[in-house]
Amino acid sequence: MNIDLHSHTTASDGVLKPQELVDLASERGIDLLAITDHDTMDAFDTELVYPSNLQLIQGIELSCKWDGNTVHILGLNVDRSHYSLKEGIRSQKQIRRERAHKIADKLNILGFTNTLQAALDLSDGGQIGRPHFAKHLVNIGAARSEQQAFKKILGEGKSGYVRADWAELGVAIDWIEHSGGTSVLAHPTKYGLSKTKLLSLFRDFKNRGGKAIEVISGHQLPDETFRLVTLCDQFGFLSSCGSDFHRLGESWAALGQVPKLPEQCRPVWTDWV
Ligand code: AMP
Ligand code: MN
Ligand code: MN
Ligand code: MN
């Protein structure tokens with residue numbers, strides 16, 4: 001089976017519209033796809049058309065606070081009409097809007113004017129995020145690439161960085177689990193945590209009711225996979241895999257082209273297919 005449980009659309013910082021993403025997934029022979037936009041489920045507002053051999057999972061990627069860090073928790077197979085999840089998403093959207101204003105204020109001090117409107121235009125009604133500011137900075141020649149805009153200006157600790165007051169880890173897990181979904185710690189090795197800190201994150205995630213770990217996040221080295229499989233086993237987590245697809249042309253995050261979960265993993269999707 002071709003399974004990809006982490007992808008983005010224009011509802012957040014992805015480039016394809018929800019229908020275009022589903023079309024691409026179908027073209028690539030994906031059997032099980034989750035759309036997991038940042039702090040929004042608006043991709044599911046319009047009816048999506050896809051063949052019956054493709055199964056679509058309603059998901060979300062929630063930004064949350066953990067021990068002074070921002071970490072991402074995927075909610076898979078959630079009921080988006082559930083009141084506590086709905087309220088949670090409303091609050092996260094508000095936090096994103098307020099953060100966008102603060103980012104624009106900081107950029108203004110740096111001499112970049114009217115960046116809020118520009119980023120809002122680029123987000124085109126979708127959930128606003130730092131990538132929209134990054135794109136604008138590239139458009140006006142302030143950075144060579146979005147990556148460089150993060151490295152120079154928007155990344156943590158840089159002059160345009162704003163720490164957001166996201167939901168606490170445990171609160172985000174509750175929204176997901178109470179709405180019938182499964183909480184998955186996304187791309188655990190991408191937070192720059194030390195080995196000790198990563199263990200501590202796994203422990204807290206487990207203690208607060210977290211269910212699964214994203215063992216495969218796009219293209220990754222076998223060593224990294226092995227390390228996560230071992231940790232998963234140690235803590236008794238289920239395993240997930242996804243590309244974290246945002247756009248075409250990024251080989252490290254190609255839709256439907258993720259390595260298979262190792263045999264010894266207990267997949268998160270067993271009850272869904
Ligand atoms: P936000 O959730 O608005 O803070 O933005 C985080 C998003 O920015 C991530 O989901 C990535 O899509 C993107 N991103 C994070 N770091 C980088 C980077 N160094 N270069 C380019 N894009 C990045
Ligand atoms: Mn993103
Ligand atoms: Mn993420
Ligand atoms: Mn993602």
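Visitor: How many Å separate the manganese ion (ligand 3) from the manganese ion (ligand 2)?

Guide: In this predicted model, the manganese ion (ligand 3) and the manganese ion (ligand 2) are separated by 5.7 Å. The manganese ion (ligand 4), for its part, lies 4.7 Å from the manganese ion (ligand 2).

Visitor: What makes E61, H72 and H187 donors of the manganese ion (ligand 3)?

Guide: A donor is an N, O or S atom within 2.8 Å of the metal. E61 (OE), H72 (ND1) and H187 (NE2) coordinate the manganese ion (ligand 3) at 2.1 to 2.2 Å, and therefore they satisfy that cut-off. Along the chain these donor residues follow the spacing E-x10-H-x114-H. The site thereby links distant parts of the chain, with E61 in strand 3 (residues 55–66) and H187 in the loop between strand 6 (182–185) and helix 7 (195–207), 126 residues apart.

Visitor: Which protein atoms are called donors of the manganese ion (ligand 4), and how do you know that they qualify?

Guide: They are H6 (NE2), H8 (NE2), E61 (OE) and D244 (OD), at 2.1 to 2.2 Å from the ion; the limit is 2.8 Å, so these N and O atoms count as donors. Their spacing in sequence is H-x1-H-x52-E-x182-D. Here too distant parts of the chain are linked, since H8 belongs to the loop between strand 1 (3–4) and helix 1 (18–27), whereas D244 belongs to the segment after strand 8 (238–242), 236 residues away.

Visitor: Are H8 and D244 buried or exposed?

Guide: Both H8 and D244 are buried, which means that each has under 20% relative accessible area. E61 and H187 are both buried as well.

Visitor: What makes the approach of R96, R130 and H246 to ligand 1 a set of polar contacts?

Guide: A polar contact is a pair of N or O atoms within 3.5 Å. An oxygen atom of ligand 1 is 2.9 Å from an N or O atom in the side chain of R96, a polar side-chain atom of R130 lies 2.7 Å from a ligand 1 oxygen, and for H246 the corresponding distance is 3.0 Å; each pair therefore meets the cut-off. Taken alone, ligand 1 exposes 500 Å², of which the protein buries 72%.

Visitor: Which residues are around ligand 1, and which helices supply at least two of them each?

Guide: The residues around ligand 1 include D13, H38, R99, Q147 and F150. Helix 2 (83–109), helix 4 (130–139) and helix 5 (146–154) each supply at least two residues of this shell, and the space that ligand 1 takes is the largest pocket.

Notes:
Residues numbered from 1 in each chain as written. Chains lettered and ligands numbered in written order. Predicted model: local features only at pLDDT ≥ 70, side-chain atom pairs only at ≥ 80, totals over all residues. Heavy atoms only, no water. Donors = N, O, S within 2.8 Å, 3.2 Å for Na, K, Ca; no water. Helix = DSSP H or I, 4+ residues; strand = E, 2+ residues; numbered from the N terminus. Buried < 20%, exposed > 50% of the residue type's maximum accessible area, 1.4 Å probe, protein only. Near = heavy atom within 4 Å. Polar contact = N/O pair within 3.5 Å; in protein donor to acceptor, adjacent residues only side chain to side chain. Areas by Shrake-Rupley, 256 points an atom, 1.4 Å probe, with all protein chains shown as cover. 1 Å grid on protein atoms, 1.4 Å probe; cavity = no way out; pocket = protein on both sides within 12 Å on 5 of 7 lines; lining within 4 Å. Sits in = over half its atoms within 2 Å of the grid points.
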